[in-house]
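Trainee: Before we go through this one, I'd like to ask how you back up each label you use. Could we take them one at a time?

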Amino acid sequence: MTHSATHPSKPVRQSIALDGTVYETTLTKKYAQRKPFAPKDPSRLTAIIPGLILDLLVKPGDQVRSGQSLLVLEAMKMQNHIAAHDAGTIKAIHVASGDTVTKGQLLLEFQ
Amino acid sequence: MSLPRKLKDHAARQAEATEPHPEAARKQAAQGKLLARERITAILDPGSFHEYDLFVEHRCSDFGMEKKQLPGDGVITGTGAILGHPVAIYAQDFTVAGGSLGLAHARKITKIMDHAIKLGIPLIGINDSGGARIQEGVNSLAGYGEIFYRNTLASGVIPQISIILGPCAGGAVYSPALTDFVFVVDQISKMFITGPEVIKTVLGEEISMEDLGGARVQSEISGNAHFYAGSEAECFEQVKRLVTFIPWNNRKKADPFNASPSPTEEDLERIIPSEAHRPYDVRDVLRAVCDGSDFMEVQALWAANIVVGFARMNGRTVGMVANQPAVLAGVLDVDSSDKAARFIRFCDAFNIPLVTFVDLPGYLPGVDQEHAGVIRHGAKLLYAYSEATVPKITVILRKAYGGGYIAMCSRHLGADFVFAWPCAEIAVMGPEGAANIIFKGEIAAAADPEAFRKQKVQEYTEKFASPYVAAANGHVDAVIAPRQTRDFLLHALEISEQKAEPRPARKHGVPPF
């Protein structure tokens, strides 16, 4: 089997409607695999970088103010203090000290 | 007609062309927006604005346009001054046909742009427009194209500032994108190529205008905007402040300030934690060395793992670039490389010396980074620093490892002066990683591998995690105490004042963008 020079991966046939006209075309791999937009849920705090949870500075039920350090995430040889974006109450904590976390992993939830 | 009657007639014509349409003015105010004329008055020095082309009219006679009289064709153009600095300015007027861009409107803009380029003065554009004037068809597109062409000709010749105070959608966004600095205001600025309606029709994804291309998004996520403000008044103060830092054109240096007050910030040795793994805010270091601790950060909200902005040293503008250990450990990645490279090229184009502060563990590892082209984007930073011929001074604060060390304006990329603090660690990688690789076999074979590994990490730290190997090789010019930093920088900048570094002739380079 040979691949075409312009489409190294198998082309996905599709039509796209723009300004009321339907165009028949193929999609790029990146376009076909894109993730739809999902608004960010401010009640969920996720890891911005993979690393190691060194310390938890809050517990469920705690009231926190905006900018308060919630936990210490060690990554790239640096102890990063992860701070609260807004004031709120901690609903649940999903990690423990010593856990290794991946990027985007849920760390804690606000009420 | 007698002269008095002609004068009366002139006054009446002027009034007709400048009086805002009451209903449209009310709508503008309801959105918290100033009128185009009010905006110009708010930015410029009192009485300095001189308007041109007030009586320009469109020539479109299709779709009923022949019956429409559009004052100034929806854009106000002229020249004036900001805190004594001359500027050319235009402001799109949303109350006139939604600020839509037709050929006459565009030609008013290109005329003032041509003036700005010839006169060698900064250009300020205020964007508030519904987009192309559809009745004018391809003539409207021609207008956009002629503006983009001049934005490109003016790039690196005069500073160009775009202020987005309303919608700026479709092709219209490419004029701001070609300029040097984009200012946005919360809830007022909206920038996108295709709007929420089109996205919904084509892709079925629902998103609000604010989430798609609002001020916050453009400042924090896309990196299209450079300055974010809560109100138009705050935005205008930012514009005025920026104008004081930059020169009129590429043949001049920025006007010096007579006063060069000492920094007001605390002592540098207290800012940096002794342990290399503890974060701190590198902006405290910048404020502790520059005049009056007055640092104007550019793109503060986007790619915050690198800090760029303007400051003064002995009254002279400098561009500062610094890794930010407080965010993502200060790593280089796709966005931070882009951000710094663009800023460096602006400074180089406009004769602004560069001062770089280094403290980074290296590049951010990750599949997303590699697939997003961190090789290509990271190369922009190397290119920008190597290409720059303005005075380049580097201070290594703490960590300078591997490729990150090279990229952050090292001696090898043409830095004129490289200073390092005694706590600097300049090495190919961190001690842990280095020991693990060099002594991999021995560690595995040792009776107590962990103790042996720790010993080797210690040995490596003592031998290489310092500035002295680099200093012994002449890659660092001086190891200085933190409190000597301002003195060394002031001296280096002063003796670099007449720096000239001719390069081989070429049409232009081919940077990796």
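Trainee: Where is the place of B:Asp128 in chain B?

Mentor: Keep in mind that we're looking at a predicted model. B:Asp128 sits in the loop between strand E4 (123-127) and helix H5 (138-154) of chain B.

Trainee: What makes B:Asp128 buried?

Mentor: Count the neighbours: 27 other C-beta atoms lie within 10 Å of B:Asp128. The cut-off for buried is 20 or more, so B:Asp128 gets that label.

Trainee: Which residues does B:Asp128 touch, leaving out those up to four places away in sequence?

Mentor: B:Ala36, B:Gln92, B:Phe94, B:Gly99, B:Leu165 and B:Gly166. Each has its C-beta atom within 7 Å of the one on B:Asp128, because that is what a contact requires.

Trainee: How do you know that B:Asp128 and B:Leu360 are not in contact, and how far apart are they?

Mentor: C-alpha to C-alpha, B:Asp128 and B:Leu360 are 41 Å apart in space, and 232 residues apart in sequence. A contact needs C-beta atoms within 7 Å.

Trainee: B:Leu360 belongs to strand E13 (residues 354-360) of chain B. Why is E13(B) called mostly covered?

Mentor: Seven of its seven residues are buried. B:Leu354, B:Thr356, B:Val358 and B:Leu360 point one way, while B:Val355, B:Phe357 and B:Asp359 point the other way. That fits the rule that side chains alternate between the two faces of the sheet in a regular strand.

Trainee: What makes strand E12 (residues 316-323) of chain B a pairing partner of E13(B)?

Mentor: Pairing takes at least two bridges, and four join E12(B) to E13(B). The two strands therefore count as paired, and they run parallel. One of the bridges links B:Ala322 with B:Phe357.

Trainee: Now helices. How do you know that the span of helix H4 (residues 103-119) of chain B agrees with what it should be?

Mentor: At 1.5 Å a residue, the 17 residues of H4(B) should span 24 Å. The end C-alpha atoms of H4(B) are 24 Å apart, so the two agree.

Trainee: Which residues of H4(B) are buried, and what covers them?

Mentor: Among them are B:His105, B:Lys108, B:Ile109, B:Ile112, B:Met113 and B:Ala116. The cover includes strand E2 (75-82), strand E3 (85-92), E4 and H5 of chain B. An α-helix has 3.6 residues a turn, so residues three or four places apart point the same way. After H4(B) comes B:Gly120, with a positive phi near 70°.

Trainee: Which residues other than glycine have a positive phi, for instance in the loop after strand E1 (50-52) of chain B?

Mentor: B:Asp53 is one of them, with phi near 60°. B:Asp53 is in the loop between E1 and E2 of chain B. B:Gln187 also has a positive phi, about 70°, and lies in the loop between strand E7 (181-185) and strand E8 (190-192) of chain B.

Trainee: Why are B:Asp53 and B:Gln187 called partly exposed?

Mentor: B:Asp53 has 18 other C-beta atoms within 10 Å, and B:Gln187 has 14. Buried needs 20 or more and exposed 12 or fewer, so both counts land in between.

Trainee: Over to chain A. What makes strand E3 (44-46) and strand E5 (63-64) of chain A edge strands?

Mentor: The open sheet has four strands in the order E3-E10-E8-E5 (chain A), with antiparallel pairing. E3(A) and E5(A) each pair on one side only.

Trainee: How do you know that E3(A) pairs with strand E10 (residues 106-110) of chain A?

Mentor: Three bridges join them in the antiparallel sense, and at least two are needed, so the pairing counts. A:Leu45 has A:Leu108 as its bridge partner in E10(A).

Trainee: How confident is the predictor in chain A?

Mentor: Chain A averages a pLDDT of 83, and 88% of the residues score at least 70. Over residues 1-5 of chain A, pLDDT stays under 50, and the model has one contact for them beyond four places in sequence.

Trainee: And how many residues of chain B are in contact with chain A?

Mentor: 16 residues of chain B, against 15 residues of chain A. By class, that side of chain B has nine nonpolar, four polar and three charged residues.

How values were computed. Residues numbered from 1 in each chain as written. Chains lettered and ligands numbered in written order. Predicted model: local features only at pLDDT ≥ 70, side-chain atom pairs only at ≥ 80, totals over all residues. Contact = placed C-beta atoms within 7 Å. Nonpolar A, V, L, I, M, F, W, Y, C, P; charged D, E, K, R; others polar. Expected span 1.5 Å × (residues − 1). pLDDT = per-residue confidence, 0-100.
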